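Student: Could we go through this structure together? I am new to it and would like to ask some short questions.

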Amino acid sequence: MKENKVVMAGAGVMGASLAQVYALAGYDTYVYDIYEAGLEKGKHLISINQEMMVKEGLITAEESKAALARMTFTLDKECFRDCCLVVESTVERMDIKQNFFAEISEIAPAEALLATNTSGLKITEIAKACKHPERFMGQHWLNPPHLLPLCEIIAGEQTSPENVQKMRKLVEGLGKQPVVVADINGFIINRIQFAVLREALHIVDIGAASIEDVDTVLKAGMGLRYAALGPFGVADFGGLDTFDHINSYLNAELDDSKVGNKRLHEMVQAGKLGVKSGQGFYDYSGDKADEAIRERDRLYIELAKVLYFKK
């Protein structure tokens, strides 16, 4: 087994971005896909991302060139034969992931760590297809991982604590910020994200505030505090006695619906899917979608420079 060789399986948006993360950290990074067109798309995405990172001063041109030199794009499954890590970012279907790991866990060295970048499928279920499931776990990143530092490491029922710690150390070595969570639905990020979205939709539904003003509360206030301190840190600074008092009466007023939000469902039924369809909570028709994407990336980069890229 080569201790510095990793394989990113799937050359889509996440796989391509993760290849950059590992290559920039010094790993010999293989990008595997079952289609040549997929590899070409991955190369294109990496080229765009690297160019942007250099332009914004996140990395130097020399660092970008060195990272690209560490990447190998392949259709050959032999790349798994001597790697120390496999990170899979393929189609979000249980059968496809199980079939993939049933085969790859036989090819990869027995001591190699195996991870899936699933955003919601049960790690324990995928692991049932793996040989040596104690080395299998989730490695869930937010898009785009080459800019965002968070990585959720999800331990399945058979994942060994020793391998979880190995993975945590590995991700820290990438310059990222790993957290460890049990194999619960939604992991950490999506449970918190959808709790916030549920209440945000409820506030709009009862006519208490507009969509724009709810977003402003997060962007101009709570989001900044949470980015700096997290919810527990914010509570400590606010005073736990104060938070305990508010908690005692406000919880009864919060939305606790156990089904999906009606407004959100009706928007989806009407084809309003967000940026990709030209209409969501906001208007992205015409050139507005491209403008919105550029502005989102600009904001992510500026925040990343302050909070993450300390150069």
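Student: To begin, in which helix is lysine 219 found?

Tutor: Lysine 219 is found in helix H8, which covers residues 211–238. Please keep in mind that this is a predicted model.

Student: Is lysine 219 buried or exposed?

Tutor: Lysine 219 counts as exposed, because its relative accessibility is 62% and the cut-off for exposed is over 50%.

Student: And what separates lysine 219 from proline 149?

Tutor: Along the chain they are 70 residues apart, and their C-alpha atoms are separated by 19 Å.

Student: Let us turn to the interior. Which residues of the largest nonpolar core touch the most other members?

Tutor: They are Tyr22, Leu85, Trp141 and Met167, in a core of 31 residues. At least two residues of this core come from each of the strands S1 (5–9), S4 (85–88), S5 (113–116), S6 (136–141) and S7 (150–155), and likewise from each of the helices H1 (13–24), H2 and H6 (161–173).

Student: Which element gives the largest share of this core?

Tutor: H1 does, with 7 residues.

Student: Why would such side chains gather like that?

Tutor: As a general tendency, nonpolar side chains in soluble globular proteins are buried together.

Student: What does methionine 167 contact, leaving aside its neighbours within four places in sequence?

Tutor: Methionine 167 is in contact with Leu85, Leu113, Ala115, Met137, Gln139 and Ile153. Apart from the core just described lies another core, of 23 residues, and among them are Tyr32, Leu121, Cys130 and Val181.

Student: Now the helices. How do the axes of H1 and H2 cross?

Tutor: The two axes come within 9 Å and cross at roughly 55°. That angle makes H1 oblique to H2. The crossing of H1 and H2 is right-handed.

Student: Which residues make the contact?

Tutor: From H1 there are Val13, Ala16, Ala19, Gln20 and Leu24, and from H2 there are Gly42, Leu45, Ile46, Asn49, Gln50 and Met53. By class, the contact of H1 with H2 has 7 nonpolar residues, 4 polar and no charged.

Student: Asparagine 49 caught my eye. Is asparagine 49 buried or exposed?

Tutor: Asparagine 49 is buried, because its relative accessible area is 16% and buried means under 20%. Asparagine 49 is found in H2, which runs over residues 36–55. Leaving aside its neighbours within four places in sequence, asparagine 49 is in contact with Gln20 and His146.

Student: What about H2 and H3, at what angle do their axes cross?

Tutor: The axes of H2 and helix H3 (residues 61–69) cross at roughly 160° and come within 9 Å. H2 is therefore roughly antiparallel to H3. The crossing of H2 and H3 is right-handed.

Student: Which residues make this second contact?

Tutor: H2 contributes Ile46, Gln50 and Val54, while H3 contributes Ala61, Ser64, Ala67 and Leu68. The contact of H2 with H3 divides into 5 nonpolar residues, 2 polar and no charged.

Student: A change of topic: the backbone. Which peptide bond is described as cis, with omega near 0°?

Tutor: The bond from asparagine 143 to proline 144 is cis. Proline 144 has its place in the loop between S6 and S7.

Student: Why mention that at all?

Tutor: Most peptide bonds are trans, and most residues other than glycine have a negative phi.

Student: Then what is phi for histidine 132?

Tutor: For histidine 132, phi is near 60°, a positive value in a residue other than glycine. Histidine 132 lies in the loop between helix H5 (123–127) and S6, and at 30% relative accessibility histidine 132 counts as partly exposed.

Student: And phenylalanine 187, where is that found?

Tutor: Phenylalanine 187 is found in the loop between strand S8 (177–182) and helix H7 (189–205). Its phi is also positive, about 55°, although phenylalanine 187 is not a glycine. At 1% relative accessibility, phenylalanine 187 counts as buried.

Student: One last residue: where does proline 145 lie?

Tutor: Proline 145 lies in the loop between S6 and S7 and counts as buried, at 0% relative accessibility. Proline 145 and leucine 18 are 127 residues apart in sequence, yet 6.2 Å apart in space, C-alpha to C-alpha. Leaving aside its neighbours within four places in sequence, proline 145 is in contact with Met14, Ser17, Leu18, Val21 and Lys176.

Conventions:
Residues are numbered from 1 along each chain as its sequence is written. This is a predicted model: local features need pLDDT of at least 70, side-chain atom pairs count only at pLDDT 80 or more; totals for chains, interfaces and linings use all residues. Side-chain values use heavy atoms; hydrogens and water are left out. Helices (H or I, at least four residues) and strands (E, at least two) are DSSP runs, numbered from the N terminus. Buried means under 20% relative accessible area, exposed over 50%, partly exposed in between (1.4 Å probe, protein chains only). Contact means heavy atoms within 4.5 Å. A nonpolar core is a set of buried Ala, Val, Leu, Ile, Met, Phe, Trp, Tyr and Cys residues joined through side-chain atoms within 4.5 Å. Axes are lines fitted to C-alpha atoms, for helices over the stretch in contact, and angles run from 0 to 180 degrees between N-to-C directions. Angles under 35 degrees count as roughly parallel, over 145 as roughly antiparallel, 65 to 115 as roughly perpendicular and the rest as oblique. A crossing is left-handed if the near helix is turned anticlockwise from the far one by less than a right angle, and right-handed if clockwise. Ala, Val, Leu, Ile, Met, Phe, Trp, Tyr, Cys and Pro count as nonpolar, Asp, Glu, Lys and Arg as charged, and the others, Gly among them, as polar.
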